[in-house]
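The following explanation is meant to be read alongside the sequence and the three-dimensional coordinates. Please keep both in view while reading.

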Amino acid sequence: MTTHYSLIIIGGGPIGMACALEAEKKGIRYLILEKGTLVNSLYNYPVNMTFFSTSERLEIGGVPFVSNNPKPRRAEALEYYRRVAQDNRINIHLFEEVLEVKQTGEKKQPPFQIITSKSIYTAGNIIIATGFYDIPYLLNIPGENLPKVKHYYDDPHYYAFQKVVVVGAQNSAVDAALETWRKGAEVTMVVRKPEIGQRVKYWVRPDIENRIKEGSIKAYFNSCLKEIRENEVVIQTPEEEIVLPNDWVLSLTGYQPNLSFLKNIGIELSNDDVRKPAYNEETHETNVPGIYLAGVICGGMNTHRLFIENSREHAQKILAHIASKS
């Protein structure tokens, strides 16, 4: 059987939840479909991660976020969003992946059919709030498919007393390098550019730069990983090719949104490298009437323009427009 909702929200992260809370206020019957756990991207952050934003900038639905420090940690954020979902009885189906969205093309029928891994739904409107943490950038080198290669970093204890290569120089890579080193790992960083990334948290940058300067963490700048082998790696530096013994590779070179999903639905993407989806800045409705975008997905490949703190307002814009059509 097919179940109908006025609104289907794809993505159960903070922005998807904010859209649900706004729909509740306006009396719009909705359902969130999330392919993983609640706030799945945040769950996949490193266990010790500290947010760049202060807690009040992560609040949704007017629910206060009280943390031990001005900048909350991952565990506090998970607890906050879980309590928001529970206290507001947010209607969400977890571990249910959206496989396909079809336009019915029939005037007397709901305009959209949503096929998931568990069921089929129809909806009058769809909000896509899927973020960008799903698809890692690949190195496309020999050995990248070995089990010792990880594109997500979680707990530093796992790498204690191991030889670890960290690829990348932004926040995730720097956090992984510092934390695993402090748990006893022998850490080598491979950085494509001549320095640590400019977006690294200001309170972390001196730490990583000092560890590199003193030689506690070895860093090869202007370099790239050329090959990954069972017990070693090959690094191409500006001067020479180096072979190092290795147990684990943490390839933390960033992530990208699932833009092919948008394209398959019929949403237009810009022809440049950004591949920005087409949508109305005031209503967030795309070129496909009835389908809206919320959160980081709005930026296309420019994933560093939008965050929780400056995407929360998307929910109000979208739901105001949906309510005006009722």
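The paragraphs below treat strand pairing, helix packing and a few individual residues in turn.

The structure is a predicted model. A convenient place to begin is strand S1, which covers residues 2-10. Strand S1 pairs with strand S6, residues 120-128, in the parallel sense, and 8 bridges connect the two. At one point of this pairing, Ile10 stands opposite Ile128 of S6. Strand S1 also pairs with strand S2, residues 30-33, through 4 bridges, and these two strands likewise run parallel. Here the bridge partner of Leu7 is Tyr30 in S2.

Further along the chain there is an open sheet of 5 strands with parallel pairing. In what order do the strands of this open sheet follow one another? The order is S8-S15-S9-S10-S11. Its edges are formed by strand S8 (149-150) and strand S11 (218-220), each of which pairs on one side only. Strand S8 is joined to strand S15, residues 248-251, by 2 bridges, and the two run parallel. Within this pairing, Val149 has Val249 of S15 as its bridge partner. Helix H4 packs on the sheet, where it touches strand S9 (163-167), strand S10 (186-190) and strand S15. The direction of H4 makes about 165° with that of S10.

Helix H4, residues 171-182, also meets a second helix, H5, which spans residues 205-214. As background, two packed helices are described by the angle between their axes and the distance between the axes. For H4 and H5, the axes come within 10 Å and cross at roughly 60°. The two helices are therefore oblique to each other. As to its hand, the crossing in which H4 passes H5 is left-handed. Which residues bring the two helices into contact? On the H4 side they are Val174, Ala177, Leu178, Trp181 and Arg182, and on the H5 side they are Asp207, Ile208, Arg211 and Glu214. Sorted by class, this contact of H4 with H5 comprises 5 nonpolar residues, 4 charged residues and no polar residues.

One further residue of helix H4 deserves a remark, namely Ser172. Is Ser172 buried or partly exposed? Its relative accessibility is 28%, so Ser172 counts as partly exposed. Ser172 and Asn258 are separated by 86 residues in sequence, and their C-alpha atoms lie 20 Å apart in space.

A second open sheet consists of 3 strands in the order S12-S13-S14, and its pairing is antiparallel. Strand S12 and strand S14 (241-245) are the edge strands, each pairing on one side only. On average, neighbouring strands of this sheet are turned by 30° against each other when direction is ignored. Strand S12 is joined to strand S13, residues 232-236, by 4 bridges, and the two run antiparallel. In this pairing, Gln236 of S13 is the bridge partner of Cys224.

Strand S12 also contains Lys226. Lys226 has a relative accessible area of 41% and is therefore partly exposed. Which residues does Lys226 contact once its neighbours within four places in sequence are left aside? The contacts are Ile141, Pro142, Val234, Ile235, Gln236 and Glu241. One of these partners, Ile141, is 85 residues away from Lys226 in sequence, whereas the C-alpha to C-alpha separation is 6.3 Å.

Two loop residues remain to be considered for their backbone geometry. Asn222 is located in the loop between S11 and strand S12 (224-228). Although Asn222 is not a glycine, it has a positive phi of about 50°. Its relative accessibility is 43%, so Asn222 counts as partly exposed. His284 is located in the loop between helix H6 (259-265) and strand S17 (291-293). His284 also has a positive phi, of about 70°, although it is not a glycine. Is His284 buried or exposed? At 2% relative accessibility, His284 counts as buried, because the cut-off for that class is under 20%. Asn222 and His284 thus have in common a positive phi at a residue that is not a glycine, while Asn222 counts as partly exposed and His284 as buried.

Definitions and conventions. Residues are numbered from 1 along each chain as its sequence is written. This is a predicted model: local features need pLDDT of at least 70, side-chain atom pairs count only at pLDDT 80 or more; totals for chains, interfaces and linings use all residues. Side-chain values use heavy atoms; hydrogens and water are left out. Axes are lines fitted to C-alpha atoms, for helices over the stretch in contact, and angles run from 0 to 180 degrees between N-to-C directions. Angles under 35 degrees count as roughly parallel, over 145 as roughly antiparallel, 65 to 115 as roughly perpendicular and the rest as oblique. A crossing is left-handed if the near helix is turned anticlockwise from the far one by less than a right angle, and right-handed if clockwise. Contact means heavy atoms within 4.5 Å. Ala, Val, Leu, Ile, Met, Phe, Trp, Tyr, Cys and Pro count as nonpolar, Asp, Glu, Lys and Arg as charged, and the others, Gly among them, as polar. Two strands pair if DSSP finds at least two bridges between them. Buried means under 20% relative accessible area, exposed over 50%, partly exposed in between (1.4 Å probe, protein chains only).
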